[in-house]
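Student: I'm new to this one and would like a close look at a single part. Could you walk me through it once we have the structure up?

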Amino acid sequence: MSCLSAVAEELLRDIKRVFAETSKIPDDLLVALKFVFGSTALQALDLVDHRSVTCLSSPSGRKVFQVIGGSGKVYTCYASCHYCPCPAFTFSVLRRGDSLLCKHILAVYLSQATQLSQQEAVSDQQMSDILSGKTRDST
């Protein structure tokens, strides 16, 4: 599992590097993304294409991501610890261990690599509310 994780991290670094140079993700990297992450890759790319990822940052330097899922539900994702509160993450990543990431976390990583996430500044109090689980729709 850790070997596959290293492969996934290297793939995301390659995507970031190539996208910075060409503003595109070439077919070979898309195929590799699909190979490593399966159908989750296509779902995550769709979320990025629809600009469903927002990076929230506060004056204190805290940063979280909110991803609007296909159903319109907002998931607060923590890239620093690879966590998403969605059912797929709980089931496929934590319980069964058959996926590295859910589509929301992968969308966060892809949006960072392609710099296609929306950016939103929030107050420290708003960030505190988000981190403590008080829901807030930033859209």
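Student: Which side chain does the side chain of Ser-117 make a polar contact with? Please take me through that part and what leads up to it.

Tutor: Happy to, and keep in mind that this is a predicted model. The partner is Gln-119: its side chain and that of Ser-117 make a polar contact at 2.9 Å. Ser-117 is found in the loop between α5 and β4, the strand that covers 118–121. Is Ser-117 buried or exposed? With a relative accessibility of 14%, Ser-117 counts as buried, because the cut-off for that is under 20%.

Now step back to the helix before that loop. α5 runs over 103–114 and has twelve residues. From its first C-alpha to its last, α5 reaches 16 Å, close to the 16 Å expected at 1.5 Å a residue. Ten of those twelve residues are buried, so α5 is largely enclosed by the rest of the structure. Among the buried ones are His-104, Ile-105, Leu-106, Tyr-109 and Thr-114. Right after the helix comes Gln-115, which has a positive phi, near 55 degrees.

Tyr-109 is a good place to pause, since the residue takes us to a pocket. The largest pocket has a volume of about 380 Å³. It is lined by 16 residues, and Tyr-109 is among the closest to its centre, along with Ala-8, Glu-9, Leu-12 and His-82. α5 shares the job of lining this pocket with α1 (2–22), and each helix supplies at least two residues. The largest share comes from α1, which gives six residues. Sorted by class, the lining holds nine nonpolar, four polar and three charged residues.

While you have the structure open, take a look at the cysteines too. How many disulfides does the structure hold? Zero. As a reminder, a disulfide is a covalent bond between the sulfur atoms of two cysteines. For Cys-84, the closest cysteine sulfur is in Cys-77, 3.6 Å away, and that is too far for a bond because a disulfide needs the two sulfurs within 2.5 Å. Cys-84 is buried, at 0% relative accessibility. For Cys-55 the closest cysteine sulfur is also in Cys-77, but at 12 Å, so again it is too far for a bond. Cys-55 is buried as well, with a relative accessible area of 4%.

So, to return to your question: follow α5 to the loop before β4, find Ser-117 there, and look for the polar contact between its side chain and that of Gln-119.

Technical notes: Residues are numbered from 1 along each chain as its sequence is written. This is a predicted model: local features need pLDDT of at least 70, side-chain atom pairs count only at pLDDT 80 or more; totals for chains, interfaces and linings use all residues. Side-chain values use heavy atoms; hydrogens and water are left out. On a 1 Å grid over the protein atoms alone, a cavity is a set of points where a 1.4 Å probe fits but cannot get out, and a pocket is an open set with protein on both sides within 12 Å along at least five of seven lines; lining residues have an atom within 4 Å of a point. Grid points are joined across faces, edges and corners, and a volume is the space filled by probe spheres set on the points. Helices (H or I, at least four residues) and strands (E, at least two) are DSSP runs, numbered from the N terminus. Ala, Val, Leu, Ile, Met, Phe, Trp, Tyr, Cys and Pro count as nonpolar, Asp, Glu, Lys and Arg as charged, and the others, Gly among them, as polar. Buried means under 20% relative accessible area, exposed over 50%, partly exposed in between (1.4 Å probe, protein chains only). The expected span of a helix is 1.5 Å times one less than its number of residues. A polar contact is a pair of N or O atoms within 3.5 Å; within protein, one must be able to donate a hydrogen and the other to accept it, and residues adjacent in sequence count only if both atoms are side-chain atoms.
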